[in-house]
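Biologist: I'd like to go through the labels on this one. Could you show me the model and tell me what stands behind each word?

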Amino acid sequence: MSILHTVAPAARTRGLSLQLYGYLLLLPALCFLLLFTHYPALATVWESLFSAARSGHSAQFVGLDNYRALLDDDIFMLSLRNNLLYAVITIPLSVILALMMALAVNRRLRGNAITRAAFFIPSLLPMVAIANLWLFFYTPQLGLLNKLLALCSLPAVNWLGEPGTALYSLMAVSVWREAGFFMIFYLAALQQIDPRLAEAAEIEGASRRYFFFRVQWPLLMPTTLFILINASMNAFRIVDQVIAMTNGGPNNSTSLLLFYIYRTAFSYWDLPAASAMTVVLLVILAAIALIKFNLLDKRAHYQ
């Protein structure tokens, strides 16, 4: 009995020491997380409850007035609609194109390495280079796209200068850039699928289409969920592309939510209004993530 009474406190002491050691290992990452993620988020919420400090007047607590003012801000509402349309179109197109490219380069064919590199290179280019490349494509009269239209005896289009085409032109650039990046995740997931499943399907005489929808697609669902979450965040945090290509024009037709937040904060110096918009953006992203997890996580098959 005396031995048991001696060993038990020693075991508890060792367990507490290991637990403390684990927390100490997590402490650096936890400090960075609190300092650069949670504190800025809480500070943004707090800032959104005050008025803007003007010359000779300090900021005053106004509660939810900044959020009410957003409902009367026509440019904010237009930016929100533009961003929702941007997300609805670019996310599925990027995911579908990435999956098609991954399926194309997953086979053992000659030149696969070059094809994979060609698909992935756009995601490695800096946005300034991408913007200048596509500005050349979109240039009125002299751009590559208008040259192709001229060969077909079609009139030239001012792709970035017309409100009806400017936003869709930005969408094309985003899909072209992101599809190759998402392809890498799909390709890695496809190569993790047991090849014996394909052999068994071939022996049973299953078509490629049947094998994809019944075997590959369910096993790719965790990767699809991961890609959808990242694609949603990318769709709502785009700002450099807008600045480089259209600066929100023409007539705010390409003004997206984060771009308008940036302009409100650093051009108009209305930090409380920008903070309120940021909170709205965070709520939208959180809602999208929760919806996707609830809808897709139950259908995901984890190996």
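Modeller: Sure, helices first: they are DSSP runs of H or I with at least four residues, strands are E runs of at least two, and both are numbered from the N terminus. This is a predicted model, so local features need pLDDT of at least 70 and side-chain atom pairs count only at pLDDT 80 or more, while totals for chains, interfaces and linings use all residues. Residues are numbered from 1 along each chain as its sequence is written, and side-chain values use heavy atoms, with hydrogens and water left out.

Biologist: What makes Arg-68 and Asp-65 a salt bridge?

Modeller: The rule asks for a side-chain nitrogen of Lys or Arg within 4 Å of a carboxyl oxygen of Asp or Glu. Here the closest N and O atoms are 2.6 Å apart, so the pair qualifies. Both residues sit in helix α2 (residues 65-71), three residues apart, about one turn of the helix.

Biologist: Which side chains meet in a salt bridge at 2.7 Å, N to O?

Modeller: Those of Asp-194 and Arg-196. The structure holds two salt bridges.

Biologist: Why is Arg-196 called exposed, but Asp-194 partly exposed?

Modeller: Buried means under 20% relative accessible area, exposed over 50%, and partly exposed in between (1.4 Å probe, protein chains only). Arg-196 has 59%, so the word is exposed. Asp-194 has 27%, so partly exposed fits.

Biologist: And why is Thr-224 called buried?

Modeller: Because its relative accessible area is 4%. Thr-224 belongs to helix α10 (residues 221-236). Leaving aside neighbours within four places in sequence, Thr-224 is in contact (heavy atoms within 4.5 Å) with Tyr-186 and Trp-217.

Biologist: What makes Phe-212 and Phe-213 an edge-to-face pair?

Modeller: Rings of Phe, Tyr and Trp (its six-membered ring) pair if their centres lie within 6.5 Å; planes under 30 degrees apart are stacked, over 60 edge-to-face, and the rest tilted. By this rule the count comes to 15 aromatic pairs. Phe-212 and Phe-213 have 5.0 Å centre to centre and 80° between the planes, so they pass on distance and angle. Phe-212 is buried at 13%, whereas Phe-213 is partly exposed at 48%.

Biologist: How do you know that Phe-266 and Trp-269 are edge-to-face?

Modeller: Their ring centres are 6.1 Å apart and their planes stand at 80°, so that label holds for this pair as well. Phe-266 is partly exposed at 48%, and Trp-269 is exposed at 57%.
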